[in-house]
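Reader: Could you walk me through the sheet in this one, up close, and then show me how the helices sit around it? I'd like one connected tour rather than a list.

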Amino acid sequence: SGGAPRARSASPLHRTAAQRERDAHQFRSYETYICDCDGVIWTIAAEDTATAGDTISLLLRENKRVMFVTNNSNKDRAAFVRELEQKKVNFGGISHEKKLGMMISTAFTTASYLKERGLRRPFVITSDTGLLHEFAHVGITEFVTCIDGDGTPLPEFESARMKGGVP
């Protein structure tokens with residue numbers, strides 16, 4: 001009666017066909033699925049990635065709401081969507097904009113937060129372009145950063161001291 005689902009006693013290896021069917025039905029009964037990409041889709045064994053891609057593709061074919069989250073800010077959402085597609089997630093005929101709306105990253109969340117709060121001209125300390133691309137996507141064009149558009153450190157940040165060395 002409420003709370004977290006109780007663990008089942010039968011081992012997954014010893015489940016009857018009826019038990020497996022009931023579990024599959026219960027899994028597919030939800031409307032919204034949130035996938036933490038880190039450790040669920042990428043950075044896992046190839047056979048597990050294939051299973052994840054197949055499962056997510058099935059949910060998308062069944063018109064379930066699927067959201068992807070990551071705490072990685074090194075890429076923009078478009079790059080993450082491309083990575084999902086490379087991992088064999090089949091989005092079917094879903095538009096590019098809708099795919100972007102399914103992807104939540106720290107870079108996107110940060111850009112959206114800054115825009116919503118009207119925070120202007122931040123200094124962005126980063127080693128990659130994900131934040132910068134998401135800023136552009138939400139219309140933030142005034143910021144200062146330590147890298148160029150390709151992720152290369154700007155010359156003024158190339159000193160030994162900036163790299164942790166002793167001058």
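Author: Let's start with a working rule: two strands count as paired if DSSP finds at least two bridges between them. Bear in mind as we go that this is a predicted model.

With that rule in hand, look at strand 2 and strand 3, which pair in the parallel sense over 3 bridges. One spot to find on screen is Phe68, which stands opposite Met103 in strand 3. On to the other pairing: strand 1 and strand 2 also run parallel, joined by 5 bridges. Here you can pick out several partners. Thr32 has Arg65 in strand 2 as its bridge partner, Tyr33 has Val66, and Asp36 stands opposite Val69.

Put together, that's an open sheet of 3 strands in the order 1-2-3, with parallel pairing. Strand 1 (32-36) and strand 3 are the edge strands, each pairing on one side only. On average, neighbouring strands are turned by 20° against each other, ignoring direction.

Now for the side chains. In a regular strand they alternate between the two faces of the sheet. Strand 1 shows this nicely: Tyr33 and Cys35 point to one face and are buried, while Thr32, Ile34 and Asp36 point to the other and are not buried. Strand 2 alternates as well, with Val66, Phe68 and Thr70 buried on one face, and Arg65, Met67 and Val69 pointing to the other and not buried.

How does the chain get from strand 1 to strand 2? Helix 2 (residues 46-61) joins them in a right-handed β-α-β unit.

Next, helix 3 (residues 77-86). Of its 10 residues, 7 are buried, so helix 3 is largely enclosed by the rest of the structure. Those buried residues are Arg77, Ala78, Ala79, Phe80, Val81, Glu83 and Leu84, so don't be surprised to see an arginine and a glutamate among the residues under the 20% relative accessible area cut-off. What do they pack against? Their partners are strand 2 (65-70), helix 4 (96-102), strand 3 (103-105), helix 5 (106-117) and helix 6 (130-138). Just after helix 3, have a look at Lys88, which takes a positive phi of about 75°.

Helix 5 brings us back to the sheet: helix 5 lies across strand 2 and strand 3, running at about 80° to strand 3. Helix 5 also packs on helix 6, at an angle of about 45° and with the axes 8 Å apart. The two helices are therefore oblique to each other, and helix 5 passes helix 6 in a right-handed crossing. From helix 5, the contact is made by Ala107, Phe108, Thr110, Ala111, Ser112, Leu114 and Lys115. Helix 6 brings Gly130, Leu131, Glu134, Phe135 and Val138 to that contact. If you're wondering about the spacing in those lists, an α-helix has 3.6 residues a turn, so residues three or four places apart point the same way.

Key. Residues numbered from 1 in each chain as written. Predicted model: local features only at pLDDT ≥ 70, side-chain atom pairs only at ≥ 80, totals over all residues. Heavy atoms only, no water. Buried < 20%, exposed > 50% of the residue type's maximum accessible area, 1.4 Å probe, protein only. Helix = DSSP H or I, 4+ residues; strand = E, 2+ residues; numbered from the N terminus. Contact = heavy atoms within 4.5 Å. Axes fitted to C-alpha atoms, helices over the stretch in contact; angles between N-to-C directions. Right-handed = clockwise from strand over helix to strand, strands pointing away. Parallel < 35°, antiparallel > 145°, perpendicular 65-115°, else oblique. Left-handed = near helix turned anticlockwise from the far one by under 90°.
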